[in-house]
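Reader: I am new to this structure and would like to be led through part of it step by step. Could you show it to me before we begin?

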Amino acid sequence: MCRRLTIIFVALLLALSSAPAFAQELNVVATIAPLGSIASNVMAGAGDPQVLIPVTASPQSFVPTPAQISTLNAAQVVIWIGPLLEKSLAKTISALPKTTHVITVSQLPGIKLLPMRPAGIWSEAASLAAGSKAKSAINPNLWLDPENASVIARAIKQALSLVDSNDAAVYQANADSFTAQLQALEYELQATLGPVHKVPFLVLHDSYAYLDQKYRLNDVGAVTTEPGQVVSAKRIATLRAAIQKTHVRCIFSEPQYRPTTAAKLAQGLPVHIGVLDPYGTGVSMGPNGYFSMMNRLADGIADCLSSP
């Protein structure tokens with residue numbers, strides 16, 4: 001009987017030693033849900049990242065609690081866009097322990113950056129390229145380009161491999177798989193957005209420049225420069241005249257902000273109101289979250305623009 005138990009114990013040890021084993025439970029924090037979903041893909045099998053900022057909150061105005069600051073201080077890897085988005089976190093992140101691997105996405109080599117376009121009606125599609133030589137603000141919503149998502153995944157893979165070098169091959173394989181899925185996603189998005197890419201629409205603020213450029217969308221302008229700004233009656237009247245002149249089909253708001261401005265702009269005009277969210281509100285942000293969010297965005301644009 002004792003010999004039989006010994007044999008079983010040895011067999012269990014051999015089985016455990018042959019299974020993939022991770023050196024430790026990784027402690028990874030992403031500031032926003034889209035970055036968290038990208039990290040989930042690269043971390044698959046090693047743990048799940050924490051997302052700091054709720055999708056219902058605006059990253060620009062988010063103020064961390066003491067508990068959330070403690071979460072950042074305890075992390076091995078922190079992933080954020082940078083001070084151009086999560087302004088209130090800049091001081092905390094700059095003071096993190098030197099052992100923390102901080103990925104500032106907007107500063108990654110190979111990341112595509114676009115200028116933030118001003119409020120108002122943009123006269124031509126070339127406005128996306130305008131300001132590239134001037135000192136203009138950078139549009140922070142860079143994760144909306146799948147090519148940028150691939151760059152982010154590679155950076156996360158590198159950081160995880162430094163923290164847990166024994167499983168570097170696993171992180172490499174996960175990042176490669178994610179990149180292959182991104183290529184398939186690009187075909188899906190093109191198929192969805194291609195038929196409506198010439199239809200004009202207006203956005204609350206310049207959230208979708210990366211989608212606009214990649215899929216040649218006819219985003220004609222933005223209501224405000226900063227989300228949540230009060231829009232004067234004079235600007236409402238000016239925009240309503242421009243909406244009629246440019247034959248805008250849809251005005252897109254975002255769930256983090258009240259839709260009253262969009263309603264005022266559309267009142268009495270043959271214009272639809274849609275809701276888009278670049279942060280993935282209502283989407284489960286696991287490994288499939290990034291893909292669900294991007295397809296949901298594309299579907300929301302296409303459904304509104306194809307409405308009569």
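Author: The questions below deal with one helix and with two loop residues of this predicted model.

Reader: How far apart are the end C-alpha atoms of helix 8?

Author: Helix 8 runs over 233–246, and its 14 residues, at 1.5 Å a residue, should span 20 Å. The distance in the model agrees with this expectation, since the end C-alpha atoms of helix 8 are apart by 20 Å.

Reader: How wide is the arc that the buried residues of helix 8 cover around the axis?

Author: The buried residues of helix 8 are Ile 236, Leu 239, Ala 242 and Ile 243. They lie on the same side of helix 8, because the arc they cover around the axis is only 130°.

Reader: Which strands and which helix do those buried residues pack against, and which exposed residues does the face turned away carry?

Author: The buried residues of helix 8 pack against strand 5, strand 6, strand 8 and helix 9. The face turned away from that buried side carries the exposed residues Ala 233, Lys 234, Thr 238 and Lys 245.

Reader: Is His 247 buried or exposed?

Author: His 247 comes just after helix 8, in the loop that leads to strand 8, and has a positive phi of about 60°. Most residues other than glycine have a negative phi. With a relative accessible area of 63%, above the 50% cut-off, His 247 counts as exposed.

Reader: What is the phi of Arg 216?

Author: Arg 216 lies in the loop between helix 7 and strand 7, and at 57% relative accessibility it is exposed. Although Arg 216 is not a glycine, its phi is positive, at about 55°.

Terms used
Residues are numbered from 1 along each chain as its sequence is written. This is a predicted model: local features need pLDDT of at least 70, side-chain atom pairs count only at pLDDT 80 or more; totals for chains, interfaces and linings use all residues. Side-chain values use heavy atoms; hydrogens and water are left out. Helices (H or I, at least four residues) and strands (E, at least two) are DSSP runs, numbered from the N terminus. Buried means under 20% relative accessible area, exposed over 50%, partly exposed in between (1.4 Å probe, protein chains only). The expected span of a helix is 1.5 Å times one less than its number of residues. The arc is that of the directions from the helix axis to the C-beta atoms. Contact means heavy atoms within 4.5 Å.
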